[in-house]
Structure formats: C-alpha cells, structure tokens
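Q: Please account for the terms used to describe the structure shown below. For each term, state the criterion and then the conclusion.

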Amino acid sequence: KTELPKAAPVDERQVFIVENLHLRSQSHGIRYRCSPNLKDKHSKVALFGSEVRGVPLDGCWIKVGSKYLPTHIGTACVLRSVEPGSNASKVSALPVIALG
C-alpha cells in the first residue's frame with residue numbers, strides 16, 4: 001500500500017494589532033480574559049501597539065493561547081486584523097505585562 005502524505009495542520013491563527021484609536025483609553029492596553037466574557041479579566045495585558053496572534057471566535061473574540069481578547073469594547077474596535085508580513089504588522093511587539 002502507498003500511504004498518502006498527511007496534510008500539514010492548518011494554522012488558523014491570524015495577526016492582530018491592539019489599537020486605542022477608537023477606544024481612547026488612558027490605560028496601557030487591554031486585559032486578557034480567562035474566558036470570552038468581558039468581566040472575566042486576567043492579570044496580563046496586551047499593550048496598545050503590540051501584535052498578537054490568535055484564532056478568531058465568532059467575530060467578537062480571539063483566542064490567544066489559553067486566554068481571550070475582545071475584538072471590540074463597547075462600540076470601539078480594539079483589535080485590527082493585519083496580513084502577516086505587511087507594513088501594518090511591523091509595529092514593535094511590546095512585551096505583555098502583568099498588573100498586580
């Protein structure tokens with residue numbers, strides 16, 4: 001028997017830039033969530049201007065590892081999808097910080 005090569009797993013992750021253009025927050029970024037619920041806040045923050053890679057969930061959330069980020073807070077868009085390698089994604093990726 002000849003075995004067909006197995007297809008490589010599809011990487012469904014997409015690249016997003018964390019934005020403050022519409023939210024106009026005084027904070028440094030957006031808190032990750034432990035679940036797709038705005039009130040279920042994690043201590044880590046995705047800094048404004050940083051790049052995150054995640055799997056989109058129903059257009060309202062992206063899953064980043066075991067955590068979640070909302071695509072919008074209220075009516076403000078806080079995550080902008082970008083093409084990998086595009087100039088828009090060449091924003092310096094700032095480290096994730098934990099707030100006490």
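Q: How many disulfides does a search of the whole structure find, and what makes a pair of cysteines count as a disulfide?
A: The search of the whole structure finds zero disulfides. A pair counts if its cysteine sulfur atoms lie within 2.5 Å. The structure is a predicted model, in which local features need pLDDT of at least 70 and side-chain atom pairs count only at pLDDT 80 or more, whereas totals for chains, interfaces and linings use all residues. Residues are numbered from 1 along each chain as its sequence is written, and side-chain values use heavy atoms, without hydrogens or water.

Q: Why is Cys 34 called partly exposed?
A: The relative accessible area of Cys 34 is 38%. Buried means under 20%, exposed over 50%, and partly exposed in between (1.4 Å probe, protein chains only), so a value between these limits is given the middle class. Cys 60, at 42%, is likewise counted as partly exposed.

Q: What makes strand S2 largely enclosed by the rest of the structure?
A: Strand S2 covers residues 29–33, and four of its five residues are buried, so the strand is described in this way. A strand here is a DSSP run of E with at least two residues, and strands are numbered from the N terminus.

Q: How do you know that S2 and S3 are paired?
A: Pairing requires at least two bridges found by DSSP. Four bridges join S2 to S3 (residues 41–47), and the two strands run antiparallel; therefore the criterion is met. Arg 33 has Lys 41 in S3 as its bridge partner.

Q: Which bridges support the pairing of S5 with S4 and with S6?
A: S4 (residues 51–57) and S5 (residues 61–64) run antiparallel and are joined by three bridges, with Leu 57 opposite Trp 61. S5 and S6 (residues 67–70) are also antiparallel, joined by four bridges, and Lys 63 has Tyr 68 as its partner in S6. The hairpin of S5 and S6 has two residues between the strands, and Gly 65 in its turn has a positive phi of about 65 degrees.

Q: What makes the phi of Asp 58 noteworthy?
A: Most residues other than glycine have a negative phi. Asp 58 is not a glycine, yet its phi is positive, about 45 degrees. Asp 58 lies in the loop between S4 and S5, and at 68% relative accessibility it counts as exposed. Arg 24 also has a positive phi without being a glycine, in its case about 55 degrees. The place of Arg 24 is in the loop between S1 (14–18) and S2, and its relative accessible area of 64% makes it exposed.

Q: Why is the charged end of Lys 67 said to sit over the ring of Tyr 32?
A: The term requires NZ of Lys or CZ of Arg within 6 Å of the ring centre and within 35 degrees of the ring normal. The charged end of Lys 67 is 5.7 Å from the centre of the Tyr 32 ring.

Q: Where does pLDDT stay under 50?
A: pLDDT, the predictor's confidence in each residue from 0 to 100, stays under 50 over residues 89–96. The mean for the protein is 83, and 72% of its residues reach 70 or more.

How values were computed:
Contact = heavy atoms within 4.5 Å.
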